[in-house]
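Could you walk me through this structure as if I were seeing it for the first time? I would like to follow the chain, its strands and its side chains step by step.

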Amino acid sequence: MFGELVPLGGGDPIPLLKKRLRVGRRDGNDIVLDFGNVSGYHCLMEIEEGYWFIKDLRSRNGVKVAGKKLMPNFRKRIDPSVIVTIAKHQYELNYDPADLGAYGTPPQDDQIEEILNESLLERAGLKRDNKK
């Protein structure tokens with residue numbers, strides 16, 4: 001087992017049995033969350049360098065990590081005991097990175113904040129002329 005998702009509203013913990021798990025409402029998912037507001041294929045969870053990461057698969061009602069909404073198709077690291085929200089359903093992710101092979105500095109997630117803080121001109125390597 002690679003950790004567990006503990007529902008905050010009550011219920012049995014969900015064991016994380018593989019290093020890559022697709023989560024959603026449809027039967028073909030590794031973790032099936034049978035709620036009407038969960039998309040058929042809602043999100044993807046996978047381990048990298050001993051840490052769990054999550055990616056929103058363009059779900060209708062989104063994914064949050066520690067209260068911050070993820071942009072679709074960008075991955076975010078989930079540190080131990082952090083709250084993950086899948087379409088308003090909250091889970092605490094419990095695991096030990098050392099048990100999963102982690103060492104040194106944790107791997108970084110996609111640089112969403114940096115992407116959003118730059119204009120398209122700046123991202124293209126062009127500078128704005130603010131003189132008026």
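The paragraphs below go from the overall layout to the details.

Please keep in mind from the start that this is a predicted model. The chain has 132 residues, and buried residues make up 36% of them. Its secondary structure comes to 2 helices and 11 strands. If you travel from the N terminus, you pass the strands and then reach the two helices, in the order β-β-β-β-β-β-β-β-β-β-β-α-α. To get a feel for how the chain folds back on itself, look at the contacts with a separation of 6 or more: 41% of them join residues 24 or more positions apart.

A good place to begin is a sheet. Strands of a sheet pair through backbone hydrogen bonds, either parallel or antiparallel. Here 5 strands form an open sheet with mixed pairing, and their order is 4-3-5-6-9. Strand 4 (31-32) and strand 9 (75-78) are the edge strands; each has a single partner strand, so one side of each is left without a neighbour in the sheet. The partnership at the strand 9 edge can be followed in detail: strand 6, residues 51-56, pairs with strand 9 in the antiparallel sense over 4 bridges. Within that pairing, Trp52 stands opposite Ile78 of strand 9.

Now turn to strand 11, residues 89-94. In a regular strand the side chains alternate between the two faces of the sheet. Strand 11 shows this nicely: His89, Tyr91 and Leu93 point to one face and are buried, while Gln90, Glu92 and Asn94 point to the other face and are not buried. Strand 11 pairs with strand 1 (residues 4-7) in the antiparallel sense, over 4 bridges. Glu4 has Asn94 as its bridge partner in strand 11. Strand 10, residues 83-86, also pairs with strand 11 in the antiparallel sense, again over 4 bridges. There, Thr85 stands opposite Gln90.

The turn between these two strands brings us to the backbone angles. Most residues other than glycine have a negative phi, and most peptide bonds are trans. The hairpin of strand 10 and strand 11 has 2 residues between the strands, and in it Ala87 takes a positive phi near 50 degrees. Ala66 has a positive phi too, near 55 degrees. You will find Ala66 in the loop between strand 7 (63-65) and strand 8 (68-69). Ala66 is exposed, with a relative accessible area of 54%. Ser81 is not a glycine either, yet its phi is positive, at about 70 degrees. Ser81 sits in the loop between strand 9 and strand 10, and it is partly exposed, at a relative accessible area of 43%.

Next come the charged side chains. Side chains of opposite charge can pair when their charged atoms come close. How many salt bridges does the count come to? The count is 4. One of them joins the side chains of Lys18 and Asp30, at 2.7 Å from N to O. Lys18 lies in the loop between strand 2 (14-15) and strand 3 (20-24), and Asp30 in the loop between strand 3 and strand 4, so the pair ties together parts that are 12 residues apart in sequence. Both partners are partly exposed: Lys18 has a relative accessible area of 41%, and Asp30 has 38%.

Glu48 forms another salt bridge, with Arg75, and their closest N and O atoms are 2.7 Å apart. Because Glu48 lies in strand 5 and Arg75 in strand 9, this pair ties together parts that are 27 residues apart in sequence. Glu48 is partly exposed, with a relative accessible area of 30%. A salt bridge also joins the side chains of Arg77 and Asp79, at 2.8 Å from N to O. Arg77 is buried at 17% relative accessible area, whereas Asp79 is partly exposed at 28%.

Arg75 leads us to the last stop, a space inside the protein. Rolling a probe the size of a water molecule over the atoms shows where empty space is left. There is 1 cavity of 30 Å³ or more, and about 40 Å³ of space lies in the largest cavity. Its lining consists of Leu44, Glu46, Phe53, Ile54, Lys55 and Arg75. Strand 6 gives the largest share of this lining, 3 residues, and strand 5 (43-48) and strand 6 each supply at least two. By type, the lining residues divide into 3 nonpolar and 3 charged, with no polar ones.

Terms used: Residues numbered from 1 in each chain as written. Predicted model: local features only at pLDDT ≥ 70, side-chain atom pairs only at ≥ 80, totals over all residues. Heavy atoms only, no water. Pairing = 2+ DSSP bridges. 1 Å grid on protein atoms, 1.4 Å probe; cavity = no way out; pocket = protein on both sides within 12 Å on 5 of 7 lines; lining within 4 Å. Points joined across faces, edges and corners; volume = space filled by probe spheres on them. Nonpolar A, V, L, I, M, F, W, Y, C, P; charged D, E, K, R; others polar. Buried < 20%, exposed > 50% of the residue type's maximum accessible area, 1.4 Å probe, protein only. Contact = heavy atoms within 4.5 Å.
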